[in-house]
Amino acid sequence: MDKSLIAERFGKAAATYPREANVQRRIAGKMIGLLQTHIPSPCPEVIEFGCGTGTYSRLLFDAFRPRRLFLNDLCPKMEACCGDLLKEHRVSFLPGDAETIPFPAGTSLITSCSALQWFESPEKFFERCNALLRSRGYFAFSTFGKENMREVRTLTGNGLPYRSLEELEKALSPRFDIIHSEEEIIPLAFRGSIEVLYHLKQTGVNAPFQSNRGSIPTGQEGGATRPWTRRDLHEFCERYDRLFRRDHSVSLTYHPIYIIAKKKE
C-alpha cells in the first residue's frame, strides 16, 4: 500500500471532502451517538487517528470536552483543515503514519472514523493501542467491511483487504472486551458511472485501483499502476452502467462497521 500516494490524494481533496463526503459525515454522527451511549464523559485524554478534515474531530470535541485531544493524520495538510480546533490550547496535531509515529501513553480513549481500512496491519495496531491505553481505557472506531465499494471491486478485480466484523472482533478479543459492535449497508445512487468516479475523487479515495487490466484513475485502493486510456475508461463506465443500473440510477455501496471496545484488566 503506497501511503505517500494516499496522503497526496486526500490532500488534493481537502477542499471538496466536507461537501462530498455525505456517507462519512453520517457515519461520524452515528459513531458519536454510540460513544455517548457506551463511554462516560468527559474523557480526559483522547487520541483520534486519521482525523482528515475534522468532521468527526469537531463532534468528538464538543461531545466529550477532553482535557487533551491529539489529532493525527497521515497527510500534514489536514492540520490547516483543523485550524479552528487547534486554536484550543487543549488540542494538538500529530502528523504521520498512525501505525508507526509516537503517541502519548496513558490515554483514556483512542478513536477513529473511516480510517482503519487504510492500515497495513490493523491487528498490530490493536496491540499498540492496548499498550497506550490506561487501565480500562476505550478503543472505538468505524471502518469498512468486505462489501464496501463492491461495484468497483467487481470490475477491477482487486481492492483493499477489508476485514469482516467477525475478523475484527476476533483480533480485538484477546486484549479488549467488545462493548458494542454492528455493521450496516449504505447504498448510494448516482445518475451514472461518471458521477461515481467524480464522487470518489472529490472525497479523496482515488488512489489507483490495481486490476488485472491496468489501473482505474479513481478509486479506493493503493498500488503502482499505469493510467487508463480513454478506451479503458469508456469500457469501465459502460460495464458499470450496464451491471449496476436500477431504473434511472447506478449504485455505489458503503459497508461501515462500528466497534467500541474496552481494555481488559
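1. A definition to start with: the expected span of a helix is 1.5 Å times one less than its number of residues. Keep that in mind for helix α11, which comes up in point 6. One caution before going on: this is a predicted model.

2. Let's begin with the overall layout. The domain assignment splits the protein into domain 1 (1-186 + 250-261) and domain 2 (189-214 + 225-248), so each domain is written as two stretches of sequence. Taken over C-alpha atoms, the centres of domain 1 and domain 2 are 26 Å apart. The two do touch: 23 residues of domain 1 are in contact with 27 residues of domain 2.

3. Now the 7-stranded sheet. Have a look for an open sheet with the order β3-β2-β1-β4-β5-β12-β6 and mixed pairing. Its edge strands, each pairing on one side only, are β3 (91-95) and β6 (176-183). From one strand to the next, the twist averages 15 degrees. Inside this sheet, β5 (residues 133-144) and β12 (residues 256-263) are joined by 7 bridges in the antiparallel sense. If you want a pair to click on, try Tyr138, whose bridge partner in β12 is Lys262.

4. Two helices are worth viewing against those strands. Helix α7 (122-132) lies across β1 (45-49), β4, β5, β6 and β12, and runs at about 150 degrees to β5. Helix α9 (residues 165-172) lies across β5, β6 and β12, at about 170 degrees to β6. While you're there, check the loop between β4 (107-113) and α7, where you'll find Trp118. Is Trp118 buried or exposed? Buried means under 20% relative accessible area, and Trp118 has 10% relative accessibility, so it counts as buried. Trp118 is also 7.7 Å from Leu160, C-alpha to C-alpha, although their positions lie 42 residues apart in sequence numbering.

5. Next, the 3-stranded sheet. This one is open too, with antiparallel pairing and the order β7-β11-β10. The edges are β7 (186-190) and β10 (245-246), and each of them pairs on one side only. β10 runs antiparallel to β11 (residues 249-254), and 2 bridges join them. Here Arg246 stands opposite Ser249 in β11. Helix α10 (residues 193-202) lies across β7 and β11, at about 30 degrees to β11. The buried residues of α10 are Ser193, Val196, Leu197, His199, Leu200 and Gln202. After α10 comes Gly204, with a positive phi near 85 degrees.

6. Back to α11, as promised. This helix (residues 230-243) has 14 residues, and the distance from its first C-alpha to its last is 20 Å, close to the 20 Å expected at 1.5 Å a residue. Which residues of α11 are buried? They are Asp232, Phe236, Cys237 and Tyr240. These four sit on the same side of α11, because they cover an arc of only 125 degrees around the axis. The spacing fits a general rule: an α-helix has 3.6 residues a turn, so residues three or four places apart point the same way. On the other side of α11, Arg230, Arg231 and His234 are exposed.

Conventions:
Residues are numbered from 1 along each chain as its sequence is written. This is a predicted model: local features need pLDDT of at least 70, side-chain atom pairs count only at pLDDT 80 or more; totals for chains, interfaces and linings use all residues. Side-chain values use heavy atoms; hydrogens and water are left out. Two strands pair if DSSP finds at least two bridges between them. Contact means heavy atoms within 4.5 Å. Axes are lines fitted to C-alpha atoms, for helices over the stretch in contact, and angles run from 0 to 180 degrees between N-to-C directions. Buried means under 20% relative accessible area, exposed over 50%, partly exposed in between (1.4 Å probe, protein chains only). The arc is that of the directions from the helix axis to the C-beta atoms.
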